[in-house]
Every structure is written in C-alpha cells, then in structure tokens.
Amino acid sequence: MYPELKKLGVDVLSVSTDSKFSHKIWDETELEKMVEGGIPFPMLSDQGGQIGTLYGVYDEDSGTELRGRFIMDPDGVIQATEVLTPPVGRNTDELLRQVQAFQLVRESGWKEATPSGWTPGEPTLKPSPSMVGKVWEVWKP
Amino acid sequence: MPEARVGKEAPDFKSAAYIRGKGFKEVKLSDYRGKWLVLCFYPGDFTFV
C-alpha cells in the first residue's frame, strides 16, 4: 500500500505505545520478511498514550491504542478518520480511495464533491443551487 | 479530552520514532505541513497492523 500512497505524494506515520527499541526489533526480525526492505516510514513511540489521548484512540484499560487512522491535508486539517477495535484490520483500498477523493476535491478549490462510492475517473458533482433536484441527471448509483 | 476532530486542524505533537536506515529520531507533526499525511495508530508491535 505504501508505494501507492507515495505515488500520490502521501507520507505515512505509524504510532503505537511500544518503545522505539521494540519498533526496531519488530522491523528487523519480522516486518522485513513481510515487506521488502522493511518499514519505509517513521514508527512513532507513544509510551503513556499522550498522542493517542489527543486523538481519542488511547484505551487506558489495556494501555494500547485502537486502530485509528487519520488523513490530513497539506494545511494540517484532518479530513477523514476511521477507528476500529483491535480484532479487525483496515482496508487499504478504501484509504486510497478516500485520499484520491480528498486530493481531487482540494484541487478543485473545494468546489467539487464526490458522491458515495466514487472511484477515480468517475464524474464528480459540482454542488450549486441549479443542481438541487437534478443530481439524478448526473449521478446514477 | 480528545482534541482531534474531522474538519479541524490536527493537534500538533512530537514523538520519539524509529526510522529504518536513520535510527532513532524525534518526529514532529508540524514537520509534515504542506504534505498529505496518513497517521495510523495500532495496538502493538508483533501483532498485525
């Protein structure tokens, strides 16, 4: 997934409550067997959960963090988030779709919008008073 | 109280980090201003992400 994000000009940071030493050992002993060249982005250590608390994803009972994912635009604004409890992993296709949609909308100066289920290449909507009641003409899910 | 909200500026932070090939560094969220960024939390090393 990382190469696709890199192509879109997106940086990645991962965060857990593990130490930076643990990150290094995990990367060197296990992850590099799963990802060629190991993990290409910074792995942050949030011991104590301060960052997770700031982002609403720190669970005090277990002392660990939920699967929280935040997309931030170049202005530093959070545009999307998804938070899962630990047993279910994420869907990176949906992450890529959301990044592409937000990039397109931002490029348009926030004038265009992408309807539900939009994928790259499909028409976007240009909300305006004249469109009220006529969305059906341009978008048929 | 959590401060992060969709549509609002992301709360800044700094953190110790491991970066492959570079070792241990401090990372600040504000270093990524001007770029798209995905921030991913996960429960722990040696589990799946």
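This is a chat about how chain A and chain B meet in a predicted model.

Reader: Let's start with chain B. What secondary structure does chain B come to?
Author: Chain B has 3 strands and 0 helices. Going from the N terminus, its elements read β-β-β.

Reader: And what box do its C-alpha atoms fill?
Author: Along the principal axes, the C-alpha atoms of chain B take up a box of roughly 35 × 25 × 20 Å.

Reader: OK, on to the interface. How many residues does each chain put into the contact?
Author: Chain A contributes 66 residues and chain B contributes 41 residues.

Reader: How much area do the two chains bury between them?
Author: About 4900 Å², with 63% of it on carbon and sulfur atoms.

Reader: What about salt bridges, how many are there across the interface?
Author: The rule finds 3 salt bridges between chain A and chain B. One of them joins A:Asp27 to B:Arg20, where the closest N and O atoms are 2.5 Å apart.

Reader: And how many residue pairs are in polar contact across it?
Author: There are 30 such pairs between chain A and chain B, counting those with both residues at pLDDT 80 or more.

Reader: Which elements of chain A give two or more residues to that side?
Author: Quite a list: strands E1 (10-16), E2 (43-45), E4 (64-65), E5 (67-72) and E6 (78-84), plus helices H2 (20-34), H3 (50-54) and H4 (92-107), in chain A.

Reader: Which one gives the most?
Author: H2(A), with 12 residues on the side of chain A that touches chain B. By residue type, that side of chain A splits into 30 nonpolar, 21 polar and 15 charged.

Reader: Switching to the sheet. What's the strand order?
Author: E6(A)-E5(A)-E3(B)-E1(A)-E2(A)-E1(B)-E2(B), an open sheet of 7 strands with mixed pairing. The edge strands are E6 of chain A and E2 (23-28) of chain B, each of which pairs on one side only.

Reader: How far are neighbouring strands turned against each other?
Author: By 25° on average in this sheet, with direction ignored.

Reader: Zoom in on E5(A) and E3 of chain B. Do they pair parallel or antiparallel?
Author: Antiparallel, over 4 bridges, with E3 of chain B covering residues 36-41. Opposite B:Leu37 in E3(B) you'll find A:Met72.

Reader: Then E1(A) and E2(A): parallel or antiparallel?
Author: Those two run parallel and are joined by 3 bridges. There, A:Ser14 stands opposite A:Met43 in E2(A).

Notes: Residues numbered from 1 in each chain as written. Chains lettered and ligands numbered in written order. Predicted model: local features only at pLDDT ≥ 70, side-chain atom pairs only at ≥ 80, totals over all residues. Heavy atoms only, no water. Contact = heavy atoms within 4.5 Å. Buried area = accessible area lost by both parts, 1.4 Å probe. Salt bridge = Lys/Arg side-chain N within 4 Å of Asp/Glu carboxyl O. Polar contact = N/O pair within 3.5 Å; in protein donor to acceptor, adjacent residues only side chain to side chain. Nonpolar A, V, L, I, M, F, W, Y, C, P; charged D, E, K, R; others polar. Pairing = 2+ DSSP bridges. Axes fitted to C-alpha atoms, helices over the stretch in contact; angles between N-to-C directions.
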